[in-house]
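Please open the model in your viewer and keep the sequence panel beside it, since each stop below begins with a selection.

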Amino acid sequence: MIYPNSVDQITIRRCKTGLIAIDREKTAGGYTLFTPQTAGGIVYLIDINGNIFYEWKMPSRPGRDSIILKNGNLSYNGSLVDSPALYPGWSLWKGGDFYEITPNGKIVWQFQDPTHHHDACWLDNGNLLYGAVEPRGEELSIRLIGGKTSHGEDESITYSDVIKEINREGDLVWRWSAAEHLNPEDFPIHPIFDRYHWPLVNGLGETKDGLVLMSLRVTSGIIAVNRSTNKVVWKIGSDVLAQQHTPVEMSDGSILVFDNGNFRSGITSPYSRVVQIDPKSSRVLWSYSDSAKPSFFSPYMGNAQRLWNNNTLICEAAFGRLFEITMDGEIVWEYIIPFFDEYPDDGSRDYSPGSQNSCFRAHRYSSDQISWL
């Protein structure tokens with residue numbers, strides 16, 4: 001055996017990357033879309049064999065995610081270059097540079113909002129729903145429970161989440177403010193998190209009844225908000241979830257969630273899981289975790305998608321691991337993103353240093369959904 005003269009210092013890359021497992025009889029097949037956080041704006045679509053089938057080069061690095069729309073165009077959530085540094089860590093998860101681009105690379109829509117962060121989703125009515133922040137004064141910060149102050153930030157300014165819906169013309173058609181509609185006493189910040197951003201909505205969704213789903217990162221839990229009243233209809237709390245991401249309503253009304261597992265109550269060794277929950281009772285109806293639980297763990301980002309054959313595609317985001325499982329938890333496809341690089345030197349490296357292959361989410365599409373390619 002011939003060994004290299006030096007050792008690759010990137011731990012994950014020393015392991016095998018690309019397609020590492022496939023059961024062709026049990027996989028749903030199709031094409032998987034992912035947007036590496038450190039690839040400078042390249043979006044990849046791979047086939048079931050792990051080959052690059054298509055790619056897009058976008059004008060800005062990703063704020064977080066990309067999806068293929070029903071019309072075949074790519075929706076891209078980019079990171080606005082000149083977005084102000086609102087607080088420590090903002091450079092890492094800021095977005096605000098939205099695009100819709102055709103398969104041949106033509107930009108047909110663009111919208112910018114320097115206050116946007118994390119998630120955004122297209123609604124059935126053609127509008128865009130996304131999370132943003134607004135500065136609030138001491139009247140909010142003095143009411144916040146928990147958390148810590150570790151960066152010397154100004155306690156007189158706390159950024160609170162605002163959910164916005166805009167139409168194709170960029171007009172604001174709905175707005176919801178956490179500071180105006182949530183009681184801080186009911187949503188305490190976990191002691192490990194900073195207090196400058198509350199409750200940090202990292203995931204959005206919409207139910208068939210029009211409720212807006214919001215994943216609350218620093219308080220742990222998911223809420224559903226009625227658009228007409230702006231009130232919380234139901235809540236799944238920190239007794240069930242731990243710093244979760246990506247709530248998605250299933251056909252039976254249950255909620256599929258990527259439960260990251262940071263600081264899970266009563267657990268000393270963190271691990272991630274995917275859970276399907278009855279929102280009315282908070283009862284877990286189905287779950288997946290690795291049999292060796294710490295072997296599946298993403299401390300940040302991540303998603304799960306129920307596929308057309310009832311399998312589930314999972315994105316173990318922090319380590320670029322994409323895999324597909326059956327309802328019995330059998331892995332039938334696995335791919336490790338082979339593209340490694342560092343975040344730009346704009347403050348992001350301070351929070352997420354080193355070369356990495358992370359991505360916010362992954363999405364699987366059938367051949368019919370991308371028949372234009």
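In which sense do S21 and strand S22 pair, and over how many bridges? This is a predicted model, and in it S21 pairs with strand S22, residues 273–278, in the antiparallel sense over 5 bridges. To see one position of this pairing, select Val-257, which stands opposite Val-275 in S22.

**Stop 1: strand S21 and its surroundings**

Keep strand S21, residues 255–259, selected and add a surface for the rest of the model: 5 of the 5 residues of the strand are buried, so S21 is largely enclosed by the rest of the structure. In a regular strand the side chains alternate between the two faces of the sheet. Here both faces are covered, with Ile-255, Val-257 and Asp-259 buried on one side and Leu-256 and Phe-258 buried on the other.

Now extend the selection to strand S20, residues 245–249, which pairs with S21 in the antiparallel sense over 3 bridges. His-245 has Phe-258 of S21 as its bridge partner. Between the strands of this hairpin lie 5 residues, and it is in this hairpin that Gly-253 takes a positive phi near 90 degrees.

**Stop 2: the sheet that contains S2 and S28**

Select S4, S3, S2 and S28 in that order, and you have an open sheet of 4 strands with antiparallel pairing. Strand S4 (52–57) and strand S28 (359–365) are its edge strands, each pairing on one side only. Averaged over this sheet, neighbouring strands are turned by 20 degrees against each other, direction ignored. For a view of a single pair, show strand S2 (residues 31–36) with strand S3 (residues 42–46), which are antiparallel and paired over 3 bridges; in that pair, Leu-33 stands opposite Leu-45 of S3.

**Stop 3: the sheet that contains S26 and S27**

Move on to the open sheet of 5 strands whose order is S1-S27-S26-S25-S24, again with antiparallel pairing. Its edges are strand S1 (18–22) and strand S24 (303–306), each of which pairs on one side only, and from one strand to the next the twist averages 15 degrees. Within this sheet, select strand S26 (residues 321–325) and strand S27 (residues 331–336), which run antiparallel and are joined by 5 bridges. The bridge partner of Glu-324 in S27 is Trp-333.

**Stop 4: the nonpolar cores**

Hide the ribbons and show side chains. The largest nonpolar core has 32 residues, and those with the most contacts inside it are Leu-129, Ile-163, Trp-176, Trp-198, Leu-204, Met-214 and Ile-223. Centre on Ile-223: leaving aside neighbours within four places in sequence, its contacts include Trp-176, Leu-182, Phe-187, Met-214, Val-232 and Trp-234, as well as Lys-235. A second, separate core holds 18 residues, among them Phe-34, Cys-315, Ile-337 and Cys-359.

**Stop 5: the cysteines**

How many disulfides does the model contain? The count comes to 0, on a rule that requires the two cysteine sulfur atoms to lie within 2.5 Å. Cys-121 is in no disulfide, and the nearest cysteine sulfur, that of Cys-315, is 17 Å away; Cys-121 is buried, with a relative accessible area of 17%. For Cys-315 the nearest cysteine sulfur is that of Cys-359, 3.5 Å away, and Cys-315 is likewise in no disulfide. Cys-315 is buried, with a relative accessible area of 1%.

How values were computed: Residues are numbered from 1 along each chain as its sequence is written. This is a predicted model: local features need pLDDT of at least 70, side-chain atom pairs count only at pLDDT 80 or more; totals for chains, interfaces and linings use all residues. Side-chain values use heavy atoms; hydrogens and water are left out. Buried means under 20% relative accessible area, exposed over 50%, partly exposed in between (1.4 Å probe, protein chains only). Helices (H or I, at least four residues) and strands (E, at least two) are DSSP runs, numbered from the N terminus. Two strands pair if DSSP finds at least two bridges between them. Axes are lines fitted to C-alpha atoms, for helices over the stretch in contact, and angles run from 0 to 180 degrees between N-to-C directions. A nonpolar core is a set of buried Ala, Val, Leu, Ile, Met, Phe, Trp, Tyr and Cys residues joined through side-chain atoms within 4.5 Å. Contact means heavy atoms within 4.5 Å.
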